[in-house]
Amino acid sequence: MSDTPRPRGGIGRIVAASLIGTTIEWYDFFLYGSAAALVFNTLFFPSADPLVGTLIAFVTYAIGFLARPLGGIVFGHFGDKIGRKKLLVVSLLMMGGSTFAMGLLPTYETLGVGAPILLTVLRLVQGFALGGEWGGAVLIVSEHGGDKHRGFWASWPQSGAPGGNLLATGVLALLASFQSEAAFQSWGWRVPFLLSGLLVVIGLWIRVSVSESPVFLEAQARAEAEAARGVKEQAPVVQVFRRSWREVLSAIGVRFGENISYYILTSFVLVYVTTHLELPKSTALNAVLIGSAIHFVTIPAWGALSDRIGRRPVTLIGSVGMAVWAFAFFALVDSESFAVITLAVTAGLVLHGAMYGPQAAFISEMFDTKVRYSGASMGSQLASIVAGALAPIIAVELLREFGSSTPISLYLCAAAVVTTVTVAVTRETLGRDLTRSRDEERTAKRPPVAAGDPA
């Protein structure tokens with residue numbers, strides 16, 4: 001097992017760069033989801049039925065997810081070839097630029113059908129960039145940190161998701177509180193999108209200062225030596241599909257319940273509270289705001305626990321707990337009490353954190369270094385299509401069709417069961433030496449052949 005000591009300041013700087021970068025990128029991505037639930041349905045997709053307008057807005061929200069696997073493949077290929085750091089800078093620039101441009105878009109009233117088309121194109125760019133961000137951010141931390149505390153260190157970039165949601169929801173909640181509804185609909189919604197430009201400058205300043213992953217540099221040196229001897233390697237994505245397809249399926253299953261539950265708890269709940277319960281926007285926004293703050297802190301705690309008892313047990317705590325909480329969640333939200341709604345969202349996000357905290361280390365440890373960026377990105381982003389992309393759409397359609405939260409609870413419970421079953425049949429990865437390939441590990445564990453014994 002490799003646990004080379006590294007300066008605390010070194011790993012701290014790497015974690016800070018990844019966390020700030022992922023927070024900004026998730027801020028950009030979630031800002032669209034919140035805006036889709038609160039303003040895009042009327043500004044870009046006007047409809048007589050509020051739920052229909054919201055449904056169309058969420059369809060464009062889902063389109064961003066469709067671009068994520070493509071981003072994962074492209075970024076993964078080059079990340080495994082030329083390094084993690086360069087691709088993280090590119091993803092941040094793409095994400096920030098597209099979000100800033102959204103803040104400048106004319107609405108349907110001004111441009112007609114061209115407005116939602118431009119919005120959809122920018123959403124595709126967002127999705128493509130985020131598809132490459134996740135794998136690089138968690139890998140550069142996983143590969144810098146040692147084996148003993150990888151779950152803790154790698155969980156910090158995961159906190160970028162609630163951090164970004166906290167930032168996006170907080171800015172929207174602040175504007176909604178201090179602006180009239182007319183002002184917010186007219187120009188106030190643009191402010192959070194334009195703010196992304198400043199955040200990207202800050203993120204780039206920090207991100208370009210970090211060093212490349214030492215594990216990657218070692219693997220790159222090996223690859224160059226093999227190439228000098230005439231050994232030809234297939235593209236990382238081809239190697240993943242040929243040798244690591246089981247790990248890709250495991251990564252999809254591990255993410256399935258986590259992905260669906262997160263978007264139900266943070267995006268769909270905005271629609272449910274404002275449209276179905278007809279409560280003020282601030283009620284839902286502030287509940288998600290408080291829940292995200294607690295979620296941000298608990299994710300590293302779950303990651304640290306996975307370093308002690310394993311990735312699988314901690315993930316199972318979250319998936320089994322979510323299967324049960326799926327029914328309690330809507331029962332509490334239906335109380336229409338702000339305190340109880342906040343409790344429902346917060347408890348759900350704490351359980352989600354148990355799945356999400358160990359996930360970065362868990363998925364990273366499934367793949368060898370030379371295909372790790374490609375494999376981790378493909379597994380996680382393919383899950384986003386079948387899980388997160390469809391979650392708000394399915395939930396809105398179930399609510400529109402049945403007018404009840406029970407079918408949504410059953411949907412959430414089934415998603416959590418998928419993750420539970422996947423984790424139950426996936427082997428534990430705690431303690432894996434990332435500098436060794438699976439073949440090297442198997443060879444090291446094989447007993448030596450005694451003299452005279454058949455080979």
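Reader: In this predicted model, which residue has its charged end over the ring of Trp134?

Author: A charge counts as sitting over a ring if, among other conditions, CZ of Arg is within 6 Å of the ring centre. In this predicted model, the charged end in question lies 5.5 Å from the centre of the ring of Trp134. The residue that carries this charged end is Arg255.

Reader: How many aromatic pairs does a search of the whole structure find, and how is the pair of Trp189 and Phe193 classed?

Author: A pair of aromatic rings is described by the distance of the centres and the angle of the planes. The search of the whole structure finds 11 aromatic pairs. For Trp189 and Phe193, the distance is 5.8 Å centre to centre and the angle between the planes is 80 degrees. Planes over 60 degrees apart count as edge-to-face, so the pair of Trp189 and Phe193 is edge-to-face.

Reader: Why is the pair of Phe329 and Phe330 edge-to-face, and are these two residues buried or exposed?

Author: The ring centres of Phe329 and Phe330 are 4.9 Å apart and their planes stand at 80 degrees, so the pair is edge-to-face. A residue is called buried when its relative accessible area is under 20%. Phe329 has a relative accessible area of 1%, and Phe330 likewise has 1%, so Phe329 is buried and Phe330 is buried.

Reader: Which residues are linked into a cluster by ring pairs?

Author: Rings pair if their centres lie within 6.5 Å, and pairs of this kind can be followed from one residue to another in the cluster. The residues that ring pairs link into a cluster are Phe152, Trp153, Trp156 and Phe296.

Reader: Where is Val74 placed, and what is the area of the nonpolar surface patch that it helps to make?

Author: Val74 has its place in helix 2, which covers residues 50–82, and at 30% relative accessibility Val74 counts as partly exposed. The patch is made by Leu70, Ile73, Val74, Phe78 and Ile82. The area of this nonpolar surface patch is about 390 Å².

Reader: Where does Glu278 lie, and what is its phi?

Author: Glu278 is found in the loop between helix 12 (245–276) and helix 13 (281–309). Exposed means over 50% relative accessible area, and Glu278, at 66%, therefore counts as exposed. Its phi is positive, in a residue other than glycine, with a value near 55 degrees.

Reader: What is the phi of Glu336?

Author: Glu336 lies in the loop between helix 14 (311–333) and helix 15 (338–356), where Glu336 counts as partly exposed at 44% relative accessibility. Although Glu336 is not a glycine, its phi is positive, at about 65 degrees.

Terms used
Residues numbered from 1 in each chain as written. Predicted model: local features only at pLDDT ≥ 70, side-chain atom pairs only at ≥ 80, totals over all residues. Heavy atoms only, no water. Phe/Tyr/Trp six-rings, centres within 6.5 Å; stacked < 30°, edge-to-face > 60°. Buried < 20%, exposed > 50% of the residue type's maximum accessible area, 1.4 Å probe, protein only. Lys NZ or Arg CZ within 6 Å of the ring centre and 35° of its normal. Patch = residues over 30% accessible without salt bridge, like charges linked within 9 Å, V, L, I, M, F, W, Y side chains within 5 Å. Areas by Shrake-Rupley, 256 points an atom, 1.4 Å probe, with all protein chains shown as cover. Salt bridge = Lys/Arg side-chain N within 4 Å of Asp/Glu carboxyl O. Helix = DSSP H or I, 4+ residues; strand = E, 2+ residues; numbered from the N terminus.
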